[in-house]
Amino acid sequence: MPRSLSMQRTVVTPGDRDRFFERMKARKSHYTAAGCQFWVFEEAAMSGAFIEFTEAPDIATLRRAHATASEPPLDPSRIYSLVELP
């Protein structure tokens, strides 16, 4: 089954956490509506260091979702495709 994924790393200061989470909620809403999955993880050893993952069933869906996002990723062309292991 083909899958496509993009990721973006962000470091947030303690004073910006609430605003960051509001932005992430809006992103999740956008990507979910666009047919994607969206996750945000915080680095266990570094509070405020986050990585966002956006996954779609194919490259075209992910590209469309990025193109219509109010805050697209810094490098929307960096997309990874699932590799089927032999």
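Biologist: Why is Ser-4 called buried?

Modeller: This is a predicted model, and in it Ser-4 has a relative accessibility of 2%. The cut-off for buried is under 20%, so Ser-4 at 2% counts as buried.

Biologist: What does Ser-4 touch, leaving out residues up to four places away in sequence?

Modeller: Its contacts are Thr-54, Glu-55, Ala-56, Asp-58, Ile-59, Leu-62, Ile-79, Tyr-80 and Ser-81. Ser-4 sits in strand 1, and there it stands opposite Ser-81 of strand 4.

Biologist: What makes the side chain of Ser-4 a polar partner of Ile-59?

Modeller: A polar atom of that side chain lies 3.1 Å from the backbone nitrogen of Ile-59. The limit for a polar contact is 3.5 Å, so 3.1 Å falls within it.

Biologist: How do you know that strand 1 pairs with strand 4?

Modeller: Two bridges join them, and they run antiparallel. Pairing takes at least two bridges, so strands 1 and 4 qualify. Strand 1 also runs antiparallel to strand 3, residues 49-56, with eight bridges between them. In that pairing Thr-10 stands opposite Phe-50.

Biologist: Which residues of strand 1 are on the covered face, and which on the uncovered one?

Modeller: Ser-4, Ser-6, Gln-8 and Thr-10 make up the covered face, while Leu-5, Met-7, Arg-9 and Val-11 are on the uncovered one. In a regular strand, side chains alternate between the two faces of the sheet.

Biologist: Why does Gln-8 count as buried?

Modeller: Its relative accessible area is 14%. Buried means under 20%, so Gln-8 makes the cut. A polar atom of the Gln-8 side chain lies 2.7 Å from the backbone nitrogen of Leu-74. Beyond residues up to four places away in sequence, Gln-8 touches Arg-27, Phe-50, Ile-51, Glu-52, Pro-73 and Leu-74.

Biologist: Over to the rings. How many aromatic pairs does a search of the whole structure find?

Modeller: Five. One of them joins Tyr-31 and Phe-38, with 5.7 Å from centre to centre and 10° between the planes.

Biologist: Why is the pair of Tyr-31 and Phe-38 called stacked?

Modeller: Stacked needs planes under 30 degrees apart, and these are at 10°, so the name fits. Tyr-31 is buried at 2% relative accessibility, and Phe-38 is buried at 5%.

Biologist: And what makes the pair of Phe-41 and Phe-53 edge-to-face?

Modeller: The angle between the planes is 85°, at 5.7 Å centre to centre. Edge-to-face means over 60, so 85° belongs there. Phe-41 is in strand 2 and Phe-53 in strand 3, twelve residues apart.

Biologist: Is Phe-41 buried, partly exposed or exposed?

Modeller: Partly exposed, with a relative accessibility of 46%. That class runs between 20% and 50%, so 46% lands inside it.

Biologist: How do you know that the buried residues of helix 2 are on the same side?

Modeller: The residues in question are Thr-61, Leu-62, Ala-65 and His-66. They cover an arc of only 130° around the axis, which puts them on the same side of helix 2. Arg-63, Arg-64 and Ala-67, on the other side, are exposed. The cover over the buried ones includes strand 1, helix 1 and strand 3.

Biologist: What caps the N-terminal end of helix 2?

Modeller: Asp-58 does, with a side-chain oxygen 3.2 Å from the backbone nitrogen of Ala-60. The polar-contact limit is 3.5 Å, so 3.2 Å is within it.

Note on methods:
Residues numbered from 1 in each chain as written. Predicted model: local features only at pLDDT ≥ 70, side-chain atom pairs only at ≥ 80, totals over all residues. Heavy atoms only, no water. Buried < 20%, exposed > 50% of the residue type's maximum accessible area, 1.4 Å probe, protein only. Helix = DSSP H or I, 4+ residues; strand = E, 2+ residues; numbered from the N terminus. Phe/Tyr/Trp six-rings, centres within 6.5 Å; stacked < 30°, edge-to-face > 60°. Arc of directions from axis to C-beta. Contact = heavy atoms within 4.5 Å. Polar contact = N/O pair within 3.5 Å; in protein donor to acceptor, adjacent residues only side chain to side chain.
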